[in-house]
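Biologist: I am new to this structure and would like a close look at a single part of it. Could you take me through one group of packed helices, step by step?

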Amino acid sequence: SVLRLAVAMGLLASMSTAYRLRNKGGQPVAVAQGQVLPKAFQKLVDGDQFISLSGQLSRNRPFGVNDGFISAFATAMTKNDSLACLQLDRNELGDAAALALAAALHYNHSIRSLDLDFNKIGDVGMSGIADALTVNSTLHHLEMHNNCVGRHGAQQLSAALQVNGCLNTLSLHGNPVGNDGAIAIAHALTVNRTLRILSLHSCCLDSSSAIELGWALETNTGTALYELSLGENLIGDAGAVALAQMLKSNSKLKVLHLECNHIGDAGALQFAKAIEVNSTLRELNLQSNGISQQALKHFAQALMKNGALTRLSITTNVHKNTPLDEEFEDLRHHLKFRKAFKGVEEGNTRLDLADLKFGDSGAIKIAELVERSDTLLCLNLKQCEIGDEGAASLAKALKTHASLLEVSLAGNHIGDAGAKQLIEALEHNETISYIDLVGNPLSSKMRQELLSIVSSRALRNVVAPKTADEHSDAGACEFSNLVEEFSNLVELELFDSDKSGQGNDSDGM
């Protein structure tokens, strides 16, 4: 329309004037029609919801010129009601640009996400944005990775977080916030009920910051925070103990990143104890800390009691080809059991738990899972130490199951009583075409009964005696095998102790 075109021309004219005003050298700045900013203004006028100027303003321009560009753009934002996401990362923006954006946030009621990562915004610019957050009720997501925000900026942000009821994601990753700034933010967390994700990764923090953050999340029962990143700081064992204590009572936090924090066995032990009672944490990252192989045993024991944690990342130093202790062997089996269960619940067609020594108690749980699943096609329970009781539970589940095609129960302890229950199930089930009972202690009479079923229907039934090559080697498992079993559920990074100081260049196991 004519009106829309006039508005666009007016914005572009004011933009060129703003450029000249913002040039630090006092010289006019020529703006070609094909440049990035005119296009961005046109998008703003056209009502675009997403505008990205990521890394497009910093090329071959003196520091400060880009601030002038953004000041003009921010002025146009004050009357815009469509822009929802603005990306301005990697543009060498300084405090002037941040203050202009802050002024726009006082009036703009549409923007939801603002990305200012990798710029040069300091305390002055951060203070302006913090002031805007005290009145802005629409901004949900604020990214400030790798800027120059220090103690004062963080303190102003703390004041804003105590009254802001909208912001749910805040990243100060890589800013020199320091302990004073982090403690101020912790104070805000004692009352804030909307922030969900907070990153203070690599912010020059020590144990005092971790202690205050732990206390804040322990006392504020109304907190919404579910992800906290404190990696690459120096919180040590003292900070780890405080955060572990918080986990014993906090029921909201789901993700906690503490990699590269000089945490030793003392802190690790407290996290292991917290995991035993915490039922909400899903991911704990303790990579690249000073945790020993001995301390890992505490996590092995804790995870046997924890049913919530889905990812545990730990780096430790071990000798290559170290035999796996009994606790880890049990943990490996437990985690494989959990992983397989989760897969079936999510629709997997195969449940393979061969060689896990879970016995009748595990078979009963599997029978319950089979009854609930309508996608399962193959069930492999070879050499799981299942007896007659477990076989009876499985038989009950198999009797009416409509999708299973193959079942393997080879190498177990199923006798005639259990086999009889399975035969009755097969007489009712018309979908199972293969069942393997090799190596179970069956009588000759029971073998004949099984063979009669084979002859009466299209069922292939294996009843040969157990041979030596069907036995599994239950010897010690190496740590490399442990890592494979932890894939997607619990992750351990274990390095050769002879190369412990070389980080990722060492031989991963």
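Modeller: What follows is a description of one helix pair and of the helix beside it in the account. The model is predicted, so local features need pLDDT of at least 70 and side-chain atom pairs count only at pLDDT 80 or more, whereas totals for chains, interfaces and linings use all residues. Residues are numbered from 1 along each chain as its sequence is written, and side-chain values use heavy atoms, with hydrogens and water left out.

Helices here are DSSP runs of H or I with at least four residues, strands are runs of E with at least two, and both are numbered from the N terminus. Helix H6 (residues 151-161) and helix H7 (residues 178-189) have axes that come within 8 Å and cross at roughly 5°, the axes being lines fitted to C-alpha atoms over the stretch in contact, with angles from 0 to 180 degrees between N-to-C directions. H6 and H7 are therefore roughly parallel to each other, a label for angles under 35 degrees. On the H6 side, the contact (heavy atoms within 4.5 Å) is made by Arg151, Ala154, Gln155, Ser158 and Leu161, while H7 contributes Asp180, Gly181, Ala184, Ile185 and Ala188.

H6 also meets helix H5 (residues 123-133), whose buried residues pack against H6, helix H4 (95-107) and strand E4 (141-143). Eight of the eleven residues of H5 are buried, so H5 is largely enclosed by the rest of the structure; buried means under 20% relative accessible area, with a 1.4 Å probe and protein chains only. Those buried residues are Gly125, Met126, Ser127, Gly128, Ile129, Ala130, Ala132 and Leu133.

Note on methods:
Angles under 35 degrees count as roughly parallel, over 145 as roughly antiparallel, 65 to 115 as roughly perpendicular and the rest as oblique. Buried means under 20% relative accessible area, exposed over 50%, partly exposed in between (1.4 Å probe, protein chains only).
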